[in-house]
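Have the sequence and the model open side by side, and let's take a walk through a few spots worth zooming in on.

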Amino acid sequence: MYSALLPLFFSLFALLFSTLAPAVTVVAEGRALILDNDLTSAEEAALQDATQQASMQAAVYVSSNQHLRDGILEVDNMQIATLGRVSDIKILDKKVIGRQYIVRIQADVNSDTGCENGNSNRYLKSVAIAAFPLERPTQANRGGLADIEHGLSRKLLQRMQGIEFLQPINATNINLHPNLQTAASRQLDNGALTTVVANSRNLNVQYIVSGVIRDMSMVDQRAAQQDNYFIDLYNRLDYKSKKHLRTLSFDLFLHDGYTGALLWQKRYQTAGLWHYEPEFRTGFSSAAFGQSDYGQKIEMLLGEMNKEVAEELRCRPFSARITRTDDRTLWITAGKLDGLSRGDKVTVYRRSTAYTDGLMTQEQLTNTRATAIIEEVQPTFSTARLSQDSGILNIREGDVVKAW
């Protein structure tokens with residue numbers, strides 16, 4: 001009896017395991033044109049194409065984030081590369097027919113459904129962390145906390161340095177928001193955008209994190225400004241009272257480093273007990289501040305913020321700027337240190353200036369649907385090859401490539 005149940009047991013176990021770690025074995029074929037009789041490059045490109053086809057086939061079975069219409073998987077032209085993680089690749093057959101190099105493979109594909117766009121976070125994303133200016137600077141007088149404008153962003157920078165798919169850049173001395181009251185409803189001001197674009201070209205950043213501190217006042221202003229000695233003494237003895245609470249509220253913004261477009265924003269707020277005397281100046285980055293209940297609550301908030309910003313950036317595409325074009329060859333500002341490899345595919349986006357109803361200029365990126373294959377990879381830059389002349393596609397310096 002027990003022996004009869006063993007096959008059922010193992011079947012249920014295998015089903016449970018496959019549910020926890022969805023993986024399928026697929027057979028796929030890839031093709032590539034042979035250029036200048038270069039069989040080695042053609043084989044690499046065909047293998048890359050076969051790997052993408054395997055990932056795409058597996059997605060039909062294991063990805064709940066894609067859609068089928070009339071039997072066709074609808075997916076963006078560059079998302080196919082990361083619908084699943086391909087491993088244990090075995091070449092079953094390779095041949096040349098005419099000018100095509102054809103490779104047939106068998107591979108295991110593990111689905112990564114963490115991001116709806118199939119992002120596997122293979123590439124390193126650079127993000128500049130800018131200052132968090134105070135909307136009401138006088139609120140920082142109590143405790144001498146004016147350095148919070150740069151200290152808050154430095155703490156975020158330090159936390160992000162431990163995230164493997166991010167390359168945080170120190171821009172904590174740059175204030176992106178001259179008009180703090182209106183920052184940043186839709187996008188950066190034109191003047192600020194010019195500054196951001198100039199700095200992003202020097203730093204080569206894909207994303208920019210900034211913010212504005214809206215409030216850091218005492219909840220009970222009467223307790224904070226009490227001149228009566230006996231009432232003040234009572235307030236000090238009543239140290240657990242909510243009258244000692246001090247707030248911190250700030251808006252965080254995530255902008256595209258190449259266009260200045262606002263991608264995401266959120267307001268964070270907390271409150272903690274602040275017992276130091278009005279004339280005692282701790283500074284934001286001091287040990288005394290960190291030991292206060294207020295400082296500890298802010299550290300907890302920064303941990304939450306760091307986690308959410310990282311999650312938001314994790315599913316965003318990798319991008320790099322085009323610095324030069326020559327016939328079918330593109331030079332881009334990303335290389336081996338950013339995770340690029342020969343044979344990788346990137347999509348070209350044309351950069352242009354649009355005008356709003358109020359005749360304000362706005363940078364925008366348009367998907368050309370043109371795919372470039374990475375050919376030569378250096379530590380900090382790469383060259384990529386298009387299937388046709390870049391002049392025909394009107395691709396020029398300053399345009400952008402993206403990959404998922």
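What follows is a short tour of some aromatic rings, two charges over rings, a strand residue and a pair of loop residues.

Keep in mind that this is a predicted model. Let's begin with the rings: there are nine aromatic pairs in the structure. Take Trp274 and Tyr294, whose ring centres are 5.8 Å apart. Their planes meet at 80°, and anything over 60 degrees counts as edge-to-face, so that's the label this pair gets. Now look at where the two partners come from. Trp274 belongs to the loop between strand 10 (262-273) and helix 7 (287-291), while Tyr294 is part of helix 8 (residues 293-314), so the pair ties together parts that are 20 residues apart in sequence. Both Trp274 and Tyr294 are buried.

Next, find Phe284 and Phe289. These two rings also pair up, with 4.9 Å from centre to centre. Here the angle between the planes is 50°, which makes the pair tilted. Phe284 is buried, and Phe289 is buried as well. Zoom out a little and you'll find that both pairs belong to a cluster: ring pairs link Trp274, Tyr276, Phe280, Phe284, Phe289 and Tyr294.

Rings can have charged company too. Stay with Trp274 and look for Arg246: its charged end sits over the Trp274 ring, 5.1 Å from the centre. Elsewhere, Lys402 lies over the face of Tyr349, and the distance to the ring centre is 4.9 Å.

Now jump to strand 15 (residues 382-385), where you'll find Thr383. Is Thr383 buried or exposed? Its relative accessible area is 10%, and the cut-off for buried is under 20%, so Thr383 is buried. What does Thr383 touch, leaving aside its neighbours within four places in sequence? Its contacts are Thr329, Leu330, Trp331, Ile373, Ile374, Glu375 and Glu376.

Last stop: the backbone of the loop between strand 1 (23-33) and helix 2 (39-62), where Asp36 lies. Most residues other than glycine have a negative phi. Asp36 goes the other way, with a phi near 55°. Asn37 is in that loop between strand 1 and helix 2 too, and it has a positive phi of about 60° despite not being a glycine. As for the side of things you'd see from outside, Asp36 has 74% relative accessibility and Asn37 has a relative accessible area of 72%; exposed means over 50%, so both residues count as exposed.

Terms used:
Residues are numbered from 1 along each chain as its sequence is written. This is a predicted model: local features need pLDDT of at least 70, side-chain atom pairs count only at pLDDT 80 or more; totals for chains, interfaces and linings use all residues. Side-chain values use heavy atoms; hydrogens and water are left out. Rings of Phe, Tyr and Trp (its six-membered ring) pair if their centres lie within 6.5 Å; planes under 30 degrees apart count as stacked, over 60 as edge-to-face and the rest as tilted. Helices (H or I, at least four residues) and strands (E, at least two) are DSSP runs, numbered from the N terminus. Buried means under 20% relative accessible area, exposed over 50%, partly exposed in between (1.4 Å probe, protein chains only). A charge sits over a ring if NZ of Lys or CZ of Arg is within 6 Å of the ring centre and within 35 degrees of the ring normal. Contact means heavy atoms within 4.5 Å.
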